[in-house]
Amino acid sequence: MRDLRLMISAALTVGLTAMLGLAVSTEPPPAAAAATPAATTRLSAKQAAKPKWVYLTFDDGPSARYTAQILKILQAYHVRATFFEVGQNVKRYPAITRRVDRLGHSVQNHSLSHPNLTKVNWATFKYQVRTTDRYLRAQTGYTPRCLRPPYGATNRVVAKRAAMLGKKLTLWTVDPADWSRPGTSVIVRRVLAKVRSGSVVLMHDGGGNRSQTVAALPKILKALKARGYLFYPLWCH
């Protein structure tokens, strides 16, 4: 089913989210500079005059092996990110979800079992989202406002259903296809070539072998910091 990503990748653009009226704001959150450690990074006068920011997101976790490695790297670079977690993995590894939250990252909803939400009925849709909400709330103390549909598969029905459950659909603008394991250098090159201020970058901490993502992450963070980027989590307030 992962091959579905290749079929829909071209459709996952800012234009799609704008059409649905659910695009996440690319403005930094209020008081973000005070709330985010990465905001204290020293910038040149020119960079400070034109702040740039990026949202790093990780899908399909938590993973017993790879999430911990990614958290360690993010902590070393003083970066906060957003983790779109699969409910059945949260149930299996609740302590990892608690750690993600306690380190200051945003934990959001990625469905219970990773189905294509365009192909399920309303009862199943509600069960997928609300059950994951319950698992996440038990570990973080809050109910996620963001919903990332698996495979990025969405349409007007999915958008309407998400809104009825108080969710904002949250896609991405930069997809290095790290899930396909194209090579560490390829992942790095694809992210750095496409990232712009306000970009939402898609990567993965679960769902398979994510060793290439782990290896690519420090290189990506170092390069983006050198370019003057700040890093913010997504909350969908």
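Contact here means heavy atoms within 4.5 Å. With that in hand, Pro150 makes a good entry point into this predicted model. Pro150 sits in the loop between β4 (146–147) and α9 (156–164). Setting aside neighbours within four places in sequence, Pro150 is in contact with His110, Ser111, His114, Pro115 and Leu117. One of these partners, His110, is 40 residues away from Pro150 in sequence, yet the two C-alpha atoms are 6.5 Å apart in space. The relative accessible area of Pro150 is 0%, and because buried means under 20%, Pro150 is counted as buried.

A second loop residue invites a similar look. Trp179 is placed in the loop between β5 (168–169) and α10. Trp179 has a relative accessibility of 11% and so counts as buried. From Trp179 to Asp59 there are 120 residues in sequence and 9.7 Å in space, C-alpha to C-alpha.

These two loops can be set against the chain as a whole. The chain has 11 helices and seven strands, and 52% of its 237 residues are buried. Among contacts with a separation of 6 or more, 80% join residues 24 or more positions apart.

The nonpolar interior comes next. In soluble globular proteins, nonpolar side chains tend to be buried together. In this model, the largest nonpolar core holds 31 residues, of which Leu56, Phe58, Leu74 and Leu217 touch the most other members. At least two residues of this core come from each of β1 (52–61), α5, α10 (184–194), β6 (199–204), α11 (211–226) and β7 (229–231). The most is given by α11, which supplies six residues. Leu56 shows how widely a single member can reach along the sequence: not counting residues up to four places away, Leu56 touches Leu74, Val79, Ala81, Thr82, Val201, Met203, Leu217, Leu221, Phe231 and Tyr232. Apart from this core lies another, of 10 residues, including Leu117, Phe125, Val158 and Leu169. Leu117 has already appeared, as one of the contacts of Pro150.

Helix packing can be followed through α7 (residues 94–102), beginning with its partner α5 (residues 66–76). The axes of α5 and α7 are 11 Å apart, and the two helices pack at an angle of about 10 degrees. Angles under 35 degrees count as roughly parallel, and α5 and α7 are therefore roughly parallel to each other. The crossing of α5 past α7 is left-handed. On the α5 side the contact is made by Thr67, Ala68, Leu71 and Gln75, and on the α7 side by Ile96, Arg99 and Val100. By class, the residues of this contact are four nonpolar, two polar and one charged.

The other partner considered here is helix α8 (residues 122–140), whose axis comes within 8 Å of that of α7 and crosses it at roughly 60 degrees. The helices α7 and α8 are therefore oblique to each other. In this case the crossing, of α7 past α8, is right-handed. Pro94, Thr97, Arg98 and Asp101 of α7 meet Leu136, Gln139 and Thr140 of α8. The contact of α7 with α8 divides into two nonpolar, three polar and two charged residues.

Conventions: Residues numbered from 1 in each chain as written. Predicted model: local features only at pLDDT ≥ 70, side-chain atom pairs only at ≥ 80, totals over all residues. Heavy atoms only, no water. Axes fitted to C-alpha atoms, helices over the stretch in contact; angles between N-to-C directions. Helix = DSSP H or I, 4+ residues; strand = E, 2+ residues; numbered from the N terminus. Parallel < 35°, antiparallel > 145°, perpendicular 65-115°, else oblique. Left-handed = near helix turned anticlockwise from the far one by under 90°. Nonpolar A, V, L, I, M, F, W, Y, C, P; charged D, E, K, R; others polar. Core = buried A, V, L, I, M, F, W, Y, C linked by side-chain atoms within 4.5 Å. Buried < 20%, exposed > 50% of the residue type's maximum accessible area, 1.4 Å probe, protein only.
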